Amino acid sequence: MSDFVEQCRSEWRRLGVPDSLAEEMAADLASDLGEAEADGVSAEELLGSDPRSFAASLAAERGILPAAPSPGKVRRRPFVLVAFTAIAALVLIFAARALLAGQPKATLVTNLSGTLGHRLPSTAPFPFAPPSGPQRVFDLGNLSAPVEWILLFFAIVALGFAVWLWANWSRSRPPSVPSA
Amino acid sequence: MRDKGVGATMRDMVVGSQRRTELLRGVLDLCLLAVMNEEPAYGYEMTKRLRERGLAIVGEGSIYPLLGRLERDGLVETYRAASNGGPMRKYYRPSSAGRLALAMGVSEWRAARDAVDAVLAPVKVEVIHE
């Protein structure tokens, strides 16, 4: 089977043309191309230079493409994608700025001689803490560094996911179908 | 000056070719119906018959989508048969709706052709290339 027919078959598969119809059209094209080549007529002369466009045009004219999504769905998906991408970008910027500012707000510290309790930005001990022994103190004054790293990590992952979604969305858009 | 003249001639040839393509595009469905009305034919066979009659610009994928449209619109019927001992081919012939469309289309074409002829036939232009 010629490369032209293979590319048509691939395009029909991508467009969701039922396999039986795609096979039928591919077999018809292959027969015609075989006879044309025996007559000295190239595939390009007979069918044009763009197999994908030709295949899309043939399927569209025969009316065998699956129903297109409604205009509402077509509009909604980019809107959701735009919103998702924008939120991920904002979180990334926020986390990066907070980290660059270098002002951590909370972290876990160990206080060998102190008491277990929450110390708010001041170092005052928690009033109802147990009386003695080496304990860990949860110091909100240093806790934000890991939180911002986590935000940064999730923002990068989300942006990567958004790029993948955009790539999929652009690939799934049907090519322009030339008029006959 | 000579280069300019050659360039203009080439441009005129391209424009002329585009015009013929556009003119044919408007009546190619009629030509296909007419060819298969004479005798059922498969895709490449129709291309050959049209080329034999001077429509050499047929090709480049133009007739296959058009055959698909005619089939979708119910203007042609199809069946499968072996061609001269070769593989099974998809043959096309006009349906009754297709024959009606052909008759009406031919009538429209003749009316349009006569009207255009009435304007263009008397034209006599001498072209002098400098």
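Two residues are in contact here if their C-beta atoms, placed from the backbone, lie within 7 Å. With that in hand, let's work through some exercises on this predicted model.

**Exercise 1. Describe how chain A and chain B touch: how many residues does each chain give, and which elements of chain A take part?**

Solution. Start with the count: chain A brings 16 residues to the contact and chain B brings 17. Next, look for elements of chain A that supply two or more residues to the side touching chain B; these are helix H2 (19–38), helix H3 (43–47) and helix H4 (51–62). Finally, sort that side of chain A by class: six residues are nonpolar, four are polar and six are charged.

**Exercise 2. Work out how helix H1 (residues 3–15) of chain A packs on H4(A): what are the angle and the distance between the axes?**

Solution. Two packed helices are described by the angle between their axes and the distance between the axes. For H1(A) and H4(A), the angle is about 55° and the axes are 8 Å apart. H1(A) is therefore oblique to H4(A). The crossing of H1(A) with H4(A) is right-handed.

Now find the residues that meet. H1(A) offers A:Phe4, A:Gln7, A:Cys8, A:Glu11, A:Trp12 and A:Leu15, and H4(A) answers with A:Pro51, A:Arg52, A:Phe54, A:Ala55, A:Ala56 and A:Ala59. The contact holds nine nonpolar residues, one polar and two charged. As you look at the numbering, bear in mind that an α-helix has 3.6 residues a turn, so residues three or four places apart point the same way.

**Exercise 3. Place A:Phe94: which helix holds this residue, and is it buried, partly exposed or exposed?**

Solution. First, locate A:Phe94 in helix H5 (residues 71–101) of chain A. Then count its surroundings: A:Phe94 is partly exposed because it has 14 C-beta neighbours inside 10 Å. As a last step, follow the chain to A:Leu152, which is 58 residues from A:Phe94 in sequence, while their C-alpha atoms are 8.4 Å apart in space.

**Exercise 4. Trace chain B from its N terminus: in what order do the elements run?**

Solution. Chain B has four helices and two strands, and their order is α-α-α-β-β-α. Of its 130 residues, 25% count as buried. Take the contacts in chain B with a separation of 6 or more, and 52% of them come from residues 24 or more positions apart.

**Exercise 5. Examine H3(B): which of its residues are buried, and where does this helix meet H2(B)?**

Solution. Begin with burial, which requires 20 or more other C-beta atoms within 10 Å. The buried residues of H3(B) are B:Ile63, B:Tyr64, B:Pro65, B:Leu66, B:Leu67, B:Gly68 and B:Leu70. Since seven of the 10 residues are buried, H3(B) is largely enclosed by the rest of the structure.

Turn next to its partner. Helix H2 (residues 43–52) of chain B and helix H3 (residues 63–72) of chain B have axes that come within 10 Å and cross at roughly 115°. This crossing of H2(B) and H3(B) is right-handed. B:Gly43, B:Met46 and B:Thr47 of H2(B) make the contact with B:Ile63, B:Tyr64 and B:Leu67 of H3(B); by class, four of the residues are nonpolar, two are polar and none is charged. Just after H3(B), look for B:Gly74, whose phi is positive at about 75°.

Definitions and conventions. Residues numbered from 1 in each chain as written. Chains lettered and ligands numbered in written order. Predicted model: local features only at pLDDT ≥ 70, side-chain atom pairs only at ≥ 80, totals over all residues. Axes fitted to C-alpha atoms, helices over the stretch in contact; angles between N-to-C directions. Left-handed = near helix turned anticlockwise from the far one by under 90°. Nonpolar A, V, L, I, M, F, W, Y, C, P; charged D, E, K, R; others polar. Buried ≥ 20, exposed ≤ 12 C-beta atoms within 10 Å, placed from the backbone. Parallel < 35°, antiparallel > 145°, perpendicular 65-115°, else oblique.
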